[in-house]
Amino acid sequence: NRTGQRENIYGYTISQEQVRYNEEHRGFNVEFKNFITDDVPENFFDKIYSIGCWEHVRRWDLKSTYEKMDRALKPGGRVVTHFFCGLELGVPVAGLVGQIFFPGTGTPPYPVQLRTAKDAGFHVVQQTIHDTYKETLRHWFERLVANRQQAIDLVGVPTYNKYVLFFPCSWKYFDDVQAILLRIVLEKPKQ
């Protein structure tokens, strides 16, 4: 904890393993809680960081989730969200393969994300596109193949085969520029 503010840092996760790891190794205020469906305190947070979970906010939950973040922030507060999303409407092959792993999800495309954030009252302070996710996917695939037998011993052949399919399809999704890795900084007006 470099900030010296451990008692003022809160986290929500839907992973019991993350809660347990935090309790054993970090000691931050992390709760097993679904930010999308559970109540959160209003006018409470200075900043909200969302890394790697916005991909799972379904299109029909997008507006209410942005509105919930707006209510959860103090005036002048910021949201930093780092996630990948498609560029256009429609479902590419990688999106169909993604349903194997994340059934029911379908990340709303970039224009919808921005419009919905603005409609919820946020000002877009910054948006950056990162070109690093293809490399991450490639490394994950290469490590999986290099450790094939260990992976099969751990999770079995069907799960191993699903990931052998998932990583190349996802890589192609980004290589064809059907999706981007995006970082958006939003600010709640000070009123």
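What share of the contacts in the protein chain with a separation of 6 or more is accounted for by residues 24 or more positions apart? Such residues account for 74% of these contacts. The legends below describe a predicted model.

**Figure 1. Overall arrangement of the protein chain in the predicted model.** The secondary structure of the chain comprises seven helices and six strands. Read from the N terminus, the elements follow the order β-α-β-β-α-β-α-α-β-α-α-α-β. The chain has 191 residues, of which 36% count as buried.

**Figure 2. Close-up of the largest nonpolar core, which has 23 residues.** The members that touch the most other members are Ile48, Trp54, Tyr66, Met69, Val79, Phe122 and Leu186. At least two residues of this core come from each of strand 3 (45-51), helix 2 (59-72), strand 4 (73-86), helix 4 (110-119) and strand 6 (179-187). When residues up to four places away in sequence are set aside, Met69 is in contact with Phe35, Ile48, Trp54, Val79 and Phe122. Another core, of 13 residues, lies apart from this one, and its members include Ile152, Phe166, Phe167 and Leu181.

**Figure 3. Close-up of the packing of helix 2 against helix 4.** The axes of helix 2 and helix 4 are 9 Å apart, and the angle between the two helices is about 35°. The crossing of helix 2 with helix 4 is right-handed. Helix 2 contributes Arg59, Leu62, Lys63 and Tyr66 to the contact, while helix 4 contributes Val112, Gln113, Thr116 and Ala117. Sorted by class, the contact of helix 2 with helix 4 contains four nonpolar, two polar and two charged residues.

**Figure 4. Close-up of helix 4 and its surroundings.** The buried residues of helix 4 are Val112, Gln113, Leu114, Thr116 and Ala117. The elements that cover these buried residues include helix 2, strand 4, strand 5 (123-130) and strand 6. Just after helix 4, Gly121 adopts a positive phi of about 105°.

**Figure 5. Close-up of Tyr110, a residue of helix 4.** Tyr110 counts as partly exposed because its relative accessibility is 21%. Leaving aside residues up to four places away in sequence, Tyr110 touches Cys85, Gly86, Leu87, Gln127, Ile180 and Leu182. Of these contacts, the one with Cys85 spans 25 residues in sequence, and the C-alpha atoms of Tyr110 and Cys85 are 6.1 Å apart in space.

**Figure 6. Close-up of the contact between helix 5 (residues 133-146) and helix 7 (residues 157-175).** The axes of helix 5 and helix 7 come within 9 Å of each other and cross at roughly 160°. Helix 5 is therefore roughly antiparallel to helix 7. The crossing of helix 5 and helix 7 is left-handed. On the side of helix 5, the contact is made by Tyr133, Lys134, Leu137, Arg138, Trp140, Phe141, Leu144 and Val145. The residues of helix 7 in this contact are Tyr160, Tyr163, Val164, Phe167, Pro168, Ser170, Trp171, Phe174 and Asp175. By class, 13 residues of the contact between helix 5 and helix 7 are nonpolar, one is polar and three are charged.

Terms used
Residues are numbered from 1 along each chain as its sequence is written. This is a predicted model: local features need pLDDT of at least 70, side-chain atom pairs count only at pLDDT 80 or more; totals for chains, interfaces and linings use all residues. Side-chain values use heavy atoms; hydrogens and water are left out. Axes are lines fitted to C-alpha atoms, for helices over the stretch in contact, and angles run from 0 to 180 degrees between N-to-C directions. Helices (H or I, at least four residues) and strands (E, at least two) are DSSP runs, numbered from the N terminus. Angles under 35 degrees count as roughly parallel, over 145 as roughly antiparallel, 65 to 115 as roughly perpendicular and the rest as oblique. A crossing is left-handed if the near helix is turned anticlockwise from the far one by less than a right angle, and right-handed if clockwise. Contact means heavy atoms within 4.5 Å. Ala, Val, Leu, Ile, Met, Phe, Trp, Tyr, Cys and Pro count as nonpolar, Asp, Glu, Lys and Arg as charged, and the others, Gly among them, as polar. A nonpolar core is a set of buried Ala, Val, Leu, Ile, Met, Phe, Trp, Tyr and Cys residues joined through side-chain atoms within 4.5 Å. Buried means under 20% relative accessible area, exposed over 50%, partly exposed in between (1.4 Å probe, protein chains only).
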